[in-house]
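Trainee: Could we go through this protein chain together, beginning with its overall layout and ending with single side chains?

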Amino acid sequence: MRNYEIVIMIHPDYSEKVTSFINEYKNMILKDNGKIHRIEDWGRRQLSYKINNLHKAHYLLMNIEVYPLLIKKLEEKFRFNDIIIRNLITLVKKPISNVSVILKKEKENKKVIQDESNTFKKSILPPNRI
């Protein structure tokens, strides 16, 4: 078995169906005795350039360990699925299960914004009086 990293860009109108989409491919991988090391839903993001007159896409990242034959099946399913705008399947040397850099940065940014809003609230609100 080999390790693969898959990035999928889904049409933004189908963002609600992402969970069923994930479950479909997860079942396909597990049926073939594959392993799923990580699945990350990055949500809707701005595209660098228009693809099919779209400005945004819903991104998914998967790290899996499967046989090459299943990758061929996945590629075929991706190719004939109208919901998928683009996909990238990359062979990696070892399984990756830690959080991606993109999600780490998002969490850090949310924390900074939260800290700033808390300091703002503290500076505006008067101290509690008994």
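Mentor: Read along the sequence, the chain runs β-α-β-β-α-β-α, where helices (H or I, at least four residues) and strands (E, at least two) are DSSP runs numbered from the N terminus. This is a predicted model, in which local features need a pLDDT of at least 70 and side-chain atom pairs count only at pLDDT 80 or more, while totals for chains, interfaces and linings use all residues. Residues are numbered from 1 along each chain as its sequence is written, and side-chain values use heavy atoms, with hydrogens and water left out.

Trainee: In which element is confidence lowest, and in which is it highest?

Mentor: The pLDDT, the predictor's confidence in each residue from 0 to 100, averages 83 over the protein chain, and 83% of the residues score at least 70. Confidence is lowest in helix α3 (residues 101-124), at a mean of 64, and highest in strand β1 (residues 2-10), at 93.

Trainee: In what order do the four strands form the sheet?

Mentor: Two strands pair if DSSP finds at least two bridges between them. The edge strands of this open sheet are β2 (35-51) and β4 (84-92), each of which pairs on one side only. The pairing is antiparallel, and the order of the four strands is β2-β3-β1-β4.

Trainee: Over how many bridges do β2 and β3 pair?

Mentor: These two strands form a hairpin with two residues between them, and Asn52 in the turn has a positive phi of about 55°. One bridge partner pair is Asp41 with Leu60 in β3. The pairing of β2 and β3 is antiparallel, and the number of bridges is eleven.

Trainee: Which residue in β3 is the bridge partner of Asn3?

Mentor: β1 and strand β3 (residues 54-66) pair in the antiparallel sense over nine bridges. Within β3, His58 is the bridge partner of Ile10, while the partner of Asn3 is Glu65.

Trainee: At about what angle does helix α2 run to β1?

Mentor: Axes are lines fitted to C-alpha atoms, for helices over the stretch in contact, and angles run from 0 to 180 degrees between N-to-C directions; contact means heavy atoms within 4.5 Å. Helix α2 (residues 68-79) lies across β1, β3 and β4, and its angle to β1 is about 5°.

Trainee: Which residues touch the most other members of the largest nonpolar core?

Mentor: A nonpolar core is a set of buried Ala, Val, Leu, Ile, Met, Phe, Trp, Tyr and Cys residues joined through side-chain atoms within 4.5 Å, and buried means under 20% relative accessible area, exposed over 50%, partly exposed in between (1.4 Å probe, protein chains only). The largest core has 19 residues; β1, α1 (18-31), β3 and α2 each supply at least two of them, and the largest share, six residues, comes from α1. Beyond residues up to four places away in sequence, Ile8 touches residues including Phe21, Leu60 and Phe78. The members that touch the most others are Ile8, Ile64 and Leu74.

Trainee: Is Arg38 buried or exposed?

Mentor: Arg38 lies in strand β2, and its contacts, leaving aside neighbours within four places in sequence, include Leu61, Met62, Ile96 and Val99. Its relative accessible area is 9%, which is why Arg38 counts as buried.

Trainee: Which side chain does the side chain of Arg38 join in a polar contact of 2.6 Å?

Mentor: A polar contact is a pair of N or O atoms within 3.5 Å; within protein, one must be able to donate a hydrogen and the other to accept it, and residues adjacent in sequence count only if both atoms are side-chain atoms. The side chain of Arg38 makes such a contact with that of Glu5 at 3.2 Å, and Glu5 also makes one with the side chain of Asn63 at 3.3 Å. Asn63, found in strand β3, is buried with a relative accessible area of 1%. The partner of Arg38 at 2.6 Å is Asn63.

Trainee: What distance separates the C-alpha atoms of Asp13 and Ala57?

Mentor: Asp13 is in the loop between β1 and α1, and it counts as exposed because its relative accessibility is 53%. Asp13 and Ala57 are 44 residues apart along the chain, and their C-alpha atoms are separated by 8.7 Å.
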